[in-house]
Amino acid sequence: MSASTRRIGSLTVSALGLGAMPLSMGRGEPAPHDRAMATLHAALDAGITLLDTADIYAPSWDTTGHNEQLVGEALRSWDGDRSQVVVATKGGITRSAEGGGRDGSAAYLRSALERSLTALGMDSVDLYYWHRPDRSIRYADAVEALAGFQQEGLIREVGISNANVEEIDVAREVLGEGGLAAVQNEFSPTFFHTSRRELEHCGEHGIAFVPWSPLGGTGGGAAAVGERFPQIQRIAEAHAVSPQQVVLAWELALGEHVIPIPGASRPESITDSAQAMSLQLSDVDLAELNQIIL
Ligand SMILES: NC(=O)c1ccc[n+]([C@@H]2O[C@H](COP(=O)([O-])OP(=O)(O)OC[C@H]3O[C@@H](n4cnc5c(N)ncnc54)[C@H](OP(=O)(O)O)[C@@H]3O)[C@@H](O)[C@H]2O)c1
């Protein structure tokens, strides 16, 4: 395995993925279609082989599947080797004219997965996450539903998202040791306290830990990370790279099981972020970053 690949269960992926959400929602209007395709193709051309999407990533409640459709279309129109690309999507959050909700019932998850397969234009999904806990049901019940989808061949690997240590352990128990492939939680220099235990716990159990909003999110955190943390800016200048690359390289150095998925709505952002896979921070840099962030 090369230095820039990591494992999610049985899958090999680039050390960084692309978070496709900002193509469909976030600040303002969704990305124009041409730019969305260019962004996804730029990620793939830069060696990124993990594309992260979800059914609810859409400009409005009645355009669910928008982001999955973009991901599916970009893969079909890319001239590289699609067989190496891992697509991850999620289900379990509902959107309606009245607002958002959660539904972790087996029946809902099955219908959501079927809609995702249609939107992606695929027969199976490489990695399927339960998006957010539905605390009106037993946690184990939803994980059992995902295990059933895996046995049917509809999904290759099972993940959970926005999960605490106790929920990770329930999923491990249901799926058996090695059965839970990934945990996707929020984690960045501006948001790390509530996911540190989970990051470490995943490392102890061979589970990929996938930081979402790894740069601080589309609300301005990602763009301003250098201004907010002058030390990150200084380290970036010393290496002649962007502060976003420094953040991603720091996260990658937290463990071989850590696979951040920086979002992008422009090709330039993801082309720049992808270079963090080859950025070598020194021990002194990492010690300083750990001191100011952790
Ligand atoms: N599981 C969950 O509950 C959950 C929740 C939220 C998000 N997610 C996933 O996590 C992914 C990442 O999170 P996120 O998109 O919210 O936040 P993020 O990755 O922290 O920030 C994304 C923003 O960073 C900017 N950016 C990225 N690389 C950059 C660079 N090198 N230089 C300057 N700016 C850069 C992008 O700008 P441009 O838009 O201008 O390109 C984008 O708007 C999402 O796309 C989604 O797939 C999961």
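Which of the 31 residues around the ligand come nearest? Asp52, Gly263, Ser265, Arg266 and Ser269 do, where a residue counts as near a molecule if one of its heavy atoms lies within 4 Å of it. This is a predicted model, in which local features need pLDDT of at least 70 and side-chain atom pairs count only at pLDDT 80 or more, while totals for chains, interfaces and linings use all residues. Residues are numbered from 1 along each chain as its sequence is written, and side-chain values use heavy atoms, with hydrogens and water left out.

Polar contacts to the ligand (pairs of N or O atoms within 3.5 Å; within protein, one must be able to donate a hydrogen and the other to accept it, and residues adjacent in sequence count only if both atoms are side-chain atoms) come next. A ligand oxygen lies 3.4 Å from an N or O atom in the His131 side chain. The backbone joins in as well: a polar backbone atom of Gly216 is 3.1 Å from an oxygen of the ligand, and one of Gly263 is 2.7 Å from a ligand oxygen. On its own the ligand would expose 910 Å², of which the protein buries 92%; these accessible areas come from the Shrake-Rupley method with a 1.4 Å probe, and for residues only the protein chains shown count as cover.

Now for the sheet. Helices (H or I, at least four residues) and strands (E, at least two) are taken as DSSP runs and numbered from the N terminus. Seven strands make an open sheet in the order S3-S4-S5-S8-S9-S10-S11, with parallel pairing; two strands pair if DSSP finds at least two bridges between them. The edges are S3 (18–19) and S11 (208–212), each of which pairs on one side only. Strand S9 (residues 155–161) is mostly covered, with 6 of its 7 residues buried. Here buried means under 20% relative accessible area, exposed over 50%, and partly exposed in between (1.4 Å probe, protein chains only). S9 pairs in the parallel sense with S8 (residues 125–130) over 5 bridges, and Trp130 has Ile160 of S9 as its bridge partner. Strand S10 (residues 180–186) also runs parallel to S9, joined by 4 bridges, and Gly159 sits opposite Ala182 of S10.

Outside that strand order there is a hairpin of S1 and S2. These two run antiparallel and are joined by 4 bridges, one pairing being Arg6 with Val13 in S2. The hairpin has 2 residues between its strands, and Gly9 takes a positive phi near 55 degrees. Leu11 belongs to S2 (residues 11–14) and counts as buried because its relative accessibility is 2%. Leaving out residues up to four places away in sequence, Leu11 touches Arg6, Val86, Asp126, Arg156 and Glu157, contact being heavy atoms within 4.5 Å.

On to the helices. How many of the 10 residues of H9 are buried? The count is 10 of 10, including Trp250 and Glu251. Cover for H9 includes strand S1 (5–8), S11, H7 (225–228), H8, H10 (267–274) and H11. In H11 (residues 283–293), the buried residues are Asp285, Leu286, Leu289 and Ile293. Viewed down the H11 axis, these buried residues fall within an arc of 95 degrees, so they line one face of the helix; the arc is that of the directions from the helix axis to the C-beta atoms. An α-helix has 3.6 residues a turn, so residues three or four places apart point the same way. On the other side of H11, Asp283, Val284 and Gln291 are exposed. The buried residues of H11 are covered by, among others, H8 (230–239) and H9 (243–252). Pro230 is in H8 and is exposed, with a relative accessible area of 52%.

Two loop residues deserve a look for their backbone. Most residues other than glycine have a negative phi. Asn162, though not a glycine, has a positive phi of about 55 degrees; this residue is in the loop between S9 and H5 (165–175) and is buried at 17% relative accessibility. Ala240 likewise has a positive phi, near 55 degrees. Ala240 is in the loop between H8 and H9, and its relative accessible area of 70% makes Ala240 exposed.
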